[in-house]
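Biologist: Could you take me through one part of this model up close? I'd like to hear about the charged side chains that hold on to one another, and then whatever else you can point to along the chain.

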Amino acid sequence: MKVKKILLSLGLSALMLASVPLTAVGPATVQAAACKHYNKTNYVLKEATCTSKGTKQRRCDDCGAVIKTYTIPALGHNPSVKTTPATCLATGLSVSTCKRCGKELERKVLPKGDHNYVTKVTKIATTTSEGESKTYCINCGYVKEVNIIPKKNSTTKNCTHPQKTTTVTKQPTCQSTGVQTVRCASCNKILSTTTLPKVGHSYVTKVIKKAGIYNEGLERIYCEYCGTVKEERVIPKLTREVSISASTLTLEAGRHKTVRIVNAVHDVTWRSSNSAVATVDKNGYITAVKAGTATISTVYDGKTYSCRLTVTAKAVSISETSLTLEAGRHKKLRIVNATHDATWSTSNKTIATVDKDGSVTAVKAGLATISARYDGKTYSCKVTVTAKAVSISSTTLSLKEGKQSTLKLNNAASTVTWSSSNTRIATVDKSGVVKGVKAGTATITAACSGKSYTCKVTVTKAPAAVCKHTNVVEDVTKPTCVKAGSKVTRCKDCKKVLKTQTLPATGHKPDSGTTTAATCQKTGKTVYKCTVCGTVTSTKTLPKISHKYDSRVTLAPTTTSTGKEQIYCIYCNKVKETKVIPKLTSASNIMSIPLYLQSNYSKVKYGDGTLATCGQGPTCLAMIASYKSGKTVTPEDVVDLYGNKYYSKTFGTSVNIFSAANNFGIKSVTRTVKTSEVLRALKAGKPVVSVQKKGLFTKTSTYIVLRGIDKNGKILVNSPQDTNKAIYKSSYDLTTQIAKTSSSFLIIS
């Protein structure tokens, strides 16, 4: 029947929800059916205690309505008594406390008890000496009586037992009787034995299982001697009130806070009514986003728990309102929670300055105010600048005899004068270096700007301790290729040799060899030497080789006489053949090659400068191009055509520029070092370019053009650096002058 009612209620609610118009823009309000309160739960609002009543409510789990409020009666105290027994020395104490709340209910003082006397034989009587027995309290040791036991004799067997002692040999319990024995103090004979009756149970209470939220507890009353259980009591479950940890909160934007359901036994789902103002995760962790209000809520066991949250904007402030800096120090200020830059200023630049980022620099002693203008408001910081304090680096110093240490006067503005009160104890130089002389005390003083700063120096004797060899040095004799070396480790203080180590010989390290080339007359050799010691490690013989022939002009031809050319061996100088060079014909041996001077083209850019500074190659090519093509080709035309294609900053203009000049009637370029080939080319009307090193024609390096042979067999030269035309007007011997400084020749065809 109850299930039917619930289904009917849910059906009515669903019907009413379905009747809501679907076209509504705002949130729809649904009137739910009247709750029948079928699902009810009891909630403890206030726990009952020993002395006060509690309160609980019965609420509907569906609608949350309070159905009934109950009063929980006070529980009353649950007493437990703990007793400290009285003795003959001290009073006893009985304290009654409540097991539940811990309150002390009653306290009784127990009066002192009587002495508990026993008699003990302290000395046994013999036939030659008397014995002794004492009657005393077993608690406090008080001796009531001392008795003399007579000597033993033949009449001992007829002892009249004048003194007796009583002893409990077995204590009675709740389960068994005890035994008490009476003996004669004289003869130690057992006179009688008495059975002591059982005693009653001694009950105590103990919690066997503590009560919790989900379970009942158990306490047991039992005998502390035999363990007999008198009674077991059930401890009721603990009840806890469920609530939210905070019903209202105020947070600054960007801050966080966690809310929780107090005494919850399962997880809950949290939500925020306005996530633009504040968000909350599944653990109740709230993040304030921006200024506004929002409600953080959850449903636990059918009840809604809410926290009203107010989010305030981040407070804007200056990081420090007052500041003390020593001159020369820096400190950065900032506007806390600023979203854009502030404008910084100082009231006195001679005291303290500030940059656009708020970094303050203390200049000199005084007061200044650093201000920041932000969103129409001014935030200020009062800055106190103090002068740099002058101080001595140490006011006390301990030194051993012969040791030294350096003192400094920090922030001194003028010359510091150092002095010692007793130079026989400690000395100091002008740099503040203090040296201990002998045991004693002295005062080191630093004087600066009319003030004195002192340091008390205590010099102690250097202990004659056993050397620990902490200051070691290694004497290394390096090994050679054939001789072993050594490494000796010794103490620098006591000179003791600690370790000697042999370093093996390294062996020879041959080089790549120095070769004396073989010739047609003698063998050659390659000598290999050690790169370390220079010792010859091996020698390789190179066999003789055949003659290597070359040609040379021994007599240059002229227009009136023939010349001579020798074919000779470059090794042994043996002449294989001598050739006659025909007479020169003046018309056929001088070419009409124009002379261009590179200094005339200082405005034409080339290489790292202009043609005037590094244009020897293009200038010589222009001379040959004009001759070969029959047209006027200037150095500027060459640069226009090739630019810096053949120029290198390291080597200047490459010889390849001549090989590439086929646009100017140049078909081929032959590179040679033979003067005979140069003569034949000039006689055939072919221009020759000589690559010159430092020497007769230049102070660095250059190109020159050989334009022909005069009637005396000398060579005519065009030089691009010949500003006064002295070279142009002269003639030069090919072998002894031109070839001497030429690295190679280029025959232009």
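Modeller: Here is a walk through the salt bridges, followed by a sheet, two loop residues and some aromatic rings.

Keep in mind that this is a predicted model. The structure holds 10 salt bridges, and the place to zoom in is a network of them that links Lys-99, Glu-219, Glu-231 and Arg-233.

Let's start with Arg-233. Its side chain meets that of Glu-219 in a salt bridge, with 3.5 Å from N to O. Arg-233 belongs to strand E15 (residues 229-235) and Glu-219 to strand E14 (residues 217-223), so this contact ties together parts that are 14 residues apart in sequence. What about exposure? Glu-219 is buried, at a relative accessible area of 7%, whereas Arg-233 is partly exposed, at 33%. To put those numbers in context, buried means under 20% relative accessible area, and exposed means over 50%.

Arg-233 also has a salt bridge with Glu-231, and here the closest N and O atoms are 3.4 Å apart. Glu-231 counts as partly exposed, with a relative accessibility of 34%. So if you click on Arg-233 in the viewer, look for both Glu-219 and Glu-231. Lys-99 is a member of this network too.

Further along there's another salt bridge, where the side chains of Glu-320 and Lys-331 meet at 3.5 Å, N to O. This pair links distant parts of the chain, 11 residues apart: Glu-320 is in the loop between strand E25 (317-318) and strand E26 (322-326), and Lys-331 is in strand E27 (residues 330-332). Glu-320 is partly exposed, with a relative accessible area of 25%. Lys-331 is partly exposed as well, at 33% relative accessibility.

Now for charges that meet a ring. Lys-56 lies over the face of Tyr-70, 5.6 Å from the ring centre. Arg-707 does the like with Tyr-728, lying over the ring's face at 3.9 Å from its centre.

Next, the rings that pair with each other. There are four aromatic pairs in the structure. One of them is Tyr-606 with Tyr-647: the ring centres are 5.4 Å apart and the planes sit at 70°, so the pair is edge-to-face. The two tyrosines come from distant parts of the chain, 41 residues apart, with Tyr-606 in strand E52 (residues 605-606) and Tyr-647 in strand E54 (residues 647-648). Tyr-606 and Tyr-647 are both buried.

Then look at Phe-697 and Tyr-732. Their ring centres lie 5.0 Å apart with the planes at 70°, so this pair is edge-to-face. Phe-697 is in the loop between strand E57 (688-692) and strand E58 (702-709), and Tyr-732 is in strand E60 (residues 731-732), so the pair ties together parts 35 residues apart in sequence. Phe-697 is buried, and Tyr-732 is buried too.

Let's switch from side chains to the backbone. Strands E10, E11 and E12 form an open sheet in the order E10-E11-E12, with antiparallel pairing. The edges are strand E10 (164-170) and strand E12 (190-196), each of which pairs on one side only. On average, neighbouring strands in this sheet are turned by 20° against each other, if you ignore direction. Strand E11 (residues 178-184) pairs with E12 over six bridges, in the antiparallel sense. If you want a spot to find by eye, take Val-182, whose bridge partner in E12 is Ser-192. As a general reminder, the strands of a sheet pair through backbone hydrogen bonds, either parallel or antiparallel.

Last stop: two loop residues with backbone angles to look up. Asn-337 has a positive phi of about 70° although it isn't a glycine. You'll find Asn-337 in the loop between strand E28 (335-336) and strand E29 (343-346), where it counts as partly exposed at 27% relative accessibility. The other is Asp-375, which isn't a glycine either, with a positive phi near 50°. Asp-375 is in the loop between strand E32 (366-374) and strand E33 (377-386), and this residue is exposed, with a relative accessible area of 57%.

Key:
Residues are numbered from 1 along each chain as its sequence is written. This is a predicted model: local features need pLDDT of at least 70, side-chain atom pairs count only at pLDDT 80 or more; totals for chains, interfaces and linings use all residues. Side-chain values use heavy atoms; hydrogens and water are left out. Two strands pair if DSSP finds at least two bridges between them. Helices (H or I, at least four residues) and strands (E, at least two) are DSSP runs, numbered from the N terminus. Axes are lines fitted to C-alpha atoms, for helices over the stretch in contact, and angles run from 0 to 180 degrees between N-to-C directions. A salt bridge is a side-chain nitrogen of Lys or Arg within 4 Å of a carboxyl oxygen of Asp or Glu. Buried means under 20% relative accessible area, exposed over 50%, partly exposed in between (1.4 Å probe, protein chains only). Rings of Phe, Tyr and Trp (its six-membered ring) pair if their centres lie within 6.5 Å; planes under 30 degrees apart count as stacked, over 60 as edge-to-face and the rest as tilted. A charge sits over a ring if NZ of Lys or CZ of Arg is within 6 Å of the ring centre and within 35 degrees of the ring normal.
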